[in-house]
Amino acid sequence: MNALFHQAGIQPEEIRTIDDLHRLPVTKKDQLPEIQQRSLPFGGFLAVSRDQLRRIFVSPGPIYDPEGTEQDYWGFAPALHAAGFRRGDLVLNTFSYHLTPAGQMLDQALSVLGCVVIPGGVGNTEIQARAVLDLGANGFTGTFSFLSTLLHKLAEQSPLRVAFVTGEMVPEAGRKRLEEAYRIRISQGYGTADVGLIAYECPLRMGMHLSSRVLVEILDPESSAPLPPGQVGEVVVTFLSKVYPLVRMATGDLSSLTVDPCPCGRTSPRLVRVIGRVGDAVKVRGIFLHPLEADRALSQVSEVARYQFVVTRPKDQDELELLVELHNEGPDHHALQEKIALLIRENLKLRADVKIVPPGTIPLDAKKIEDRRVWE
Ligand SMILES: [Zn+2]
């Protein structure tokens, strides 16, 4: 870390308040393996001696993630409490306990809350399902995908009533279907292997409140300029840790912040939704357009069979066209075009020229967002 400060020409004592944060360099998470290799094992970011650690995890990269000795070091207990986990619950924890930290992150938080843990780990679906039934487990932690697999296997016998999921995108409609079919409440959180919990849903589930363990900025991934609330950019995290104080680590995830008050009474800002990875997004007129976000918006129009965004740049201005193929060729294309254009404006904050095209116009192997701009 000192080397990065030095490169940026900054003395650590010059940094006194949150407003000084923007003077510090942003470190991309995918640079961490290289930074650590240059100064093994933690790239100079470790602020304590090794005997003050409890564990060292090995994440893909490899990235070495140190764990301090405090209870609930990774900070997930408040997220689990908000999700509805309580003392005495019997919880199947299906995150990996092997090399990577997620298994331990949730295990420790569950212990702090007084829950009893079945350390399920990854795989062995049959054995895990059997254990849930035999033992009468009422709680689940893991990914949304594995929860879905498990619930379909357990079917109407499922005793699971409360779940906390993280590590992947949660489809809103899919969550609702599972909740209704299996009488379970599913809440989500967002974190990384180096930092632990970054944000989590309160019982109202209107976005994810920021954890007090971190400072979160939303920055333009190219220029690192700060973006205002509501605008999508890269999540950049400063970990307020005495053990491993990462400063301005760019996660590669895209999201936006809202500072509107939440009726739950928590005063921290909320991440609206993590919409995907920086590398998959295309910037149009300064706004990020991400394939998953486009899918989410267009899935609200049942007439749409397939679509493709095309970005061009005639006369030094970005233009965005949306080609749409329909399930059934209805008579009133004009009204539907208007409806889709409005939806795109409201959901993606972009104006698109919507064109309804005959089935087969969009090539089968077409990208959902085709960037045809030529930069000279
Ligand atoms: Zn809230």
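1. A helix here is a DSSP run of H or I with at least four residues, and helices are numbered from the N terminus. Please keep in mind that this is a predicted model. With that in hand, a good place to begin is α5, which spans residues 125-135; just after α5 comes G136, with a positive phi of about 70°.

2. Which residues of α5 are buried? They are Q128, A129 and V132. These residues sit on the same side of α5, because the arc they cover around the axis is only 100°. On the face turned away from that buried side you will find the exposed residues E126, I127 and D134.

3. What do the buried residues of α5 pack against? Their partners are β4 (90-93) and α6 (144-154). The axes of α5 and α6 are 10 Å apart and meet at an angle of about 65°, and the crossing is right-handed. On the α5 side the contact involves T125, Q128, A129, V132 and L133, while α6 brings T149, L150, K153 and L154. Sorted by class, this contact has five nonpolar, three polar and one charged residues.

4. A second helix pair to look at is α8 (residues 291-298) with α9 (residues 333-348), whose axes lie 10 Å apart at an angle of about 130°. α8 is therefore oblique to α9. Their crossing is right-handed. E293, A294 and A297 of α8 touch L343, I344, N347 and L348 of α9. Here the classes are five nonpolar, one polar and one charged.

5. Now for the backbone. Most peptide bonds are trans, and most residues other than glycine have a negative phi, so the next few spots deserve a look. L40 and P41 are joined by a cis peptide bond with omega near 0°; P41 is in the loop between α2 (32-38) and β2 (53-59). Another cis bond links G61 to P62, with omega about -5°, and P62 belongs to the loop between β2 and β3 (63-68).

6. Where do non-glycine residues take a positive phi? One of them is D72, with phi near 50°, in the loop between β3 and α3 (77-83). R248 is another, also with phi near 50°, and its place is in the loop between β12 (233-239) and β13 (249-255).

7. Are D72 and R248 buried or exposed? A residue needs 20 or more other C-beta atoms within 10 Å to count as buried. D72 has 18 and is therefore partly exposed, whereas R248 has 20 and so counts as buried.

Terms used:
Residues numbered from 1 in each chain as written. Predicted model: local features only at pLDDT ≥ 70, side-chain atom pairs only at ≥ 80, totals over all residues. Axes fitted to C-alpha atoms, helices over the stretch in contact; angles between N-to-C directions. Helix = DSSP H or I, 4+ residues; strand = E, 2+ residues; numbered from the N terminus. Parallel < 35°, antiparallel > 145°, perpendicular 65-115°, else oblique. Left-handed = near helix turned anticlockwise from the far one by under 90°. Contact = placed C-beta atoms within 7 Å. Nonpolar A, V, L, I, M, F, W, Y, C, P; charged D, E, K, R; others polar. Buried ≥ 20, exposed ≤ 12 C-beta atoms within 10 Å, placed from the backbone. Arc of directions from axis to C-beta.
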